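Hi,

Here is the structure I promised you. Have a look at it first, and my notes follow underneath.

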Amino acid sequence: MFYDYADSGSYSEGTYRSNETDFAKIKLRQRVAVDMTNRTLASTMAGEPVAMPVAIAPTGLTGMQHADGEIHAARAAAKAGVPFTLSTMSICSIEDVAENTDKPFWFQLYVMRDRDFIGRLIERARAAQCSALVLTLDLQILGQRHKDVKNGLSTPPKPTLSNLINLATKPRWCFGMLGTQRRTFRNIVGHAQGVGDLSSLSSWTAEQFDPSLSWDDVARIKDQWGGKLILKGILDPEDAEMAARSGADALIVSNHGGRQLDGALSSISALPAVVETVGSRIEVLFDGGIRSGQDVIKALALGAHGTFIGRAFLYGLGAGGEAGVTQCLDIIRKELDVTMAMCGLRDVRQVDARIIADLGDLLSRSRPDTAARSAAE
């Protein structure tokens, strides 16, 4: 059930698949007889220096892919010199990660009905010296993920016959979970009052996620946090305009990994219009479908200042813990470096649309029909 949780999208999974396949439509310009020595991937994201423009995205239930998974991923990210983002719906708590790592990380916040609890979450992130708050805007309600319904996703798994049979085939995972006390939503348990069944992600979101979230809430949270604020879940240029006006430090073009509105644009096809609309006024980051260093450079070429990986690091984590995440980041770093060199560049900060040979039909699909929209209004 936890593999299926990571490796799935909502409903027909059309947007989930497009997040990956649309990258393949972007073709690169290969350059030759250029000086490829002394290359650098060093950059910044949200004003912080990074060894390469790649951050680990917030993913729920990471600690169910591997025991203490968030701690392992945060350590790997720190060694690689890239940001790690902890989800509100993590298994390891803010305090767990802070106590077991020596580098500041980012914290991702969902807006819930219990505003006192949200206030306490923000204060806990500040106490843990989180260096940025990533506010997710695209999960006011939960898109149905059919695999989660089929599997009866819960944390920890319920002791049904089918689950017990499945667990019997996963002894390494079971022994790892027996060796830790972190098996539920530790940012919530012991901190939130009057909630329902915390073993079920869907029931928690149905009870607590706030569908009334508005830009007024964004302003309030920005004032309460007082530090760097990143807004995640922007696809439409009009929403990007609102994000730029909010005073946030950065936005993330993202469709939640294809796990919310099935049929929405892929993140990479939405990126150019967002960059064109607000790229000169707010830092535009990117999340969705990145599985390689080539995907990273394509997103940078279309205007992203930095990128996030979700499923890519989860696969490494599930397979090999901290070492698996390290290997994932090493693979992406090498692919990014080699591709940049073959495109004729030595500094990742110089990557732009010059390296793109063909965008296919991505640009025509990414721009909304403003004339039709105005007529409808």
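Strand S9 pairs with strand S10 (residues 283-287) in the parallel sense, over four bridges. If you want a spot to start from, go to Ala250, which stands opposite Glu283 in S10. Before you trust any of this too far, bear in mind that the model is predicted.

To get from S9 to S10, follow helix H13 (residues 267-278): the three together make a right-handed β-α-β unit.

Now turn to the other partner. Strand S8 (residues 229-234) also pairs with S9 in the parallel sense, and that pairing has four bridges. Here the pair to click on is Ile234, which sits opposite Val253 in S9. The connection is made through helix H12 (residues 237-245), and S8, H12 and S9 form a right-handed β-α-β unit.

So much for the neighbours. What about the faces of S9 itself, buried or exposed? Both are covered. On one side Ala250 and Ile252 are buried, and on the other side Leu251 and Val253 are buried.

The other thing I looked at is the largest pocket, with a volume of about 690 Å³. It is lined by 25 residues, and those closest to its centre are Phe2, Tyr3, Gln65, Lys170 and Trp173. Which elements give two or more residues to the lining? They are helices H1 (2-6), H3 (62-65), H8 (161-168), H9 (171-178) and H15 (311-342). H15 gives the most, with six residues. If you are wondering about the chemistry of that lining, the count by class is twelve nonpolar, ten polar and three charged residues.

Finally, a few words on the protein as a whole. It has 17 helices and twelve strands, and its C-alpha atoms fill a box of roughly 60 × 50 × 40 Å along the principal axes. The radius of gyration is 20 Å, which agrees with the value near 21 Å for a compact globule of 377 residues. Of those 377 residues, 55% are buried, and the four of S9 named above are buried too.

If you open the file, I'd start with S9 and its two pairings, then go over to the pocket.

Cheers

Note on methods: Residues are numbered from 1 along each chain as its sequence is written. This is a predicted model: local features need pLDDT of at least 70, side-chain atom pairs count only at pLDDT 80 or more; totals for chains, interfaces and linings use all residues. Side-chain values use heavy atoms; hydrogens and water are left out. On a 1 Å grid over the protein atoms alone, a cavity is a set of points where a 1.4 Å probe fits but cannot get out, and a pocket is an open set with protein on both sides within 12 Å along at least five of seven lines; lining residues have an atom within 4 Å of a point. Grid points are joined across faces, edges and corners, and a volume is the space filled by probe spheres set on the points. Ala, Val, Leu, Ile, Met, Phe, Trp, Tyr, Cys and Pro count as nonpolar, Asp, Glu, Lys and Arg as charged, and the others, Gly among them, as polar. Buried means under 20% relative accessible area, exposed over 50%, partly exposed in between (1.4 Å probe, protein chains only). Two strands pair if DSSP finds at least two bridges between them. A crossover is right-handed if, with the strands pointing away from the viewer, the path from the first strand over the helix to the second runs clockwise. The radius of gyration is taken over C-alpha atoms; the globule rule is 2.2 Å times the number of residues to the power 0.38.
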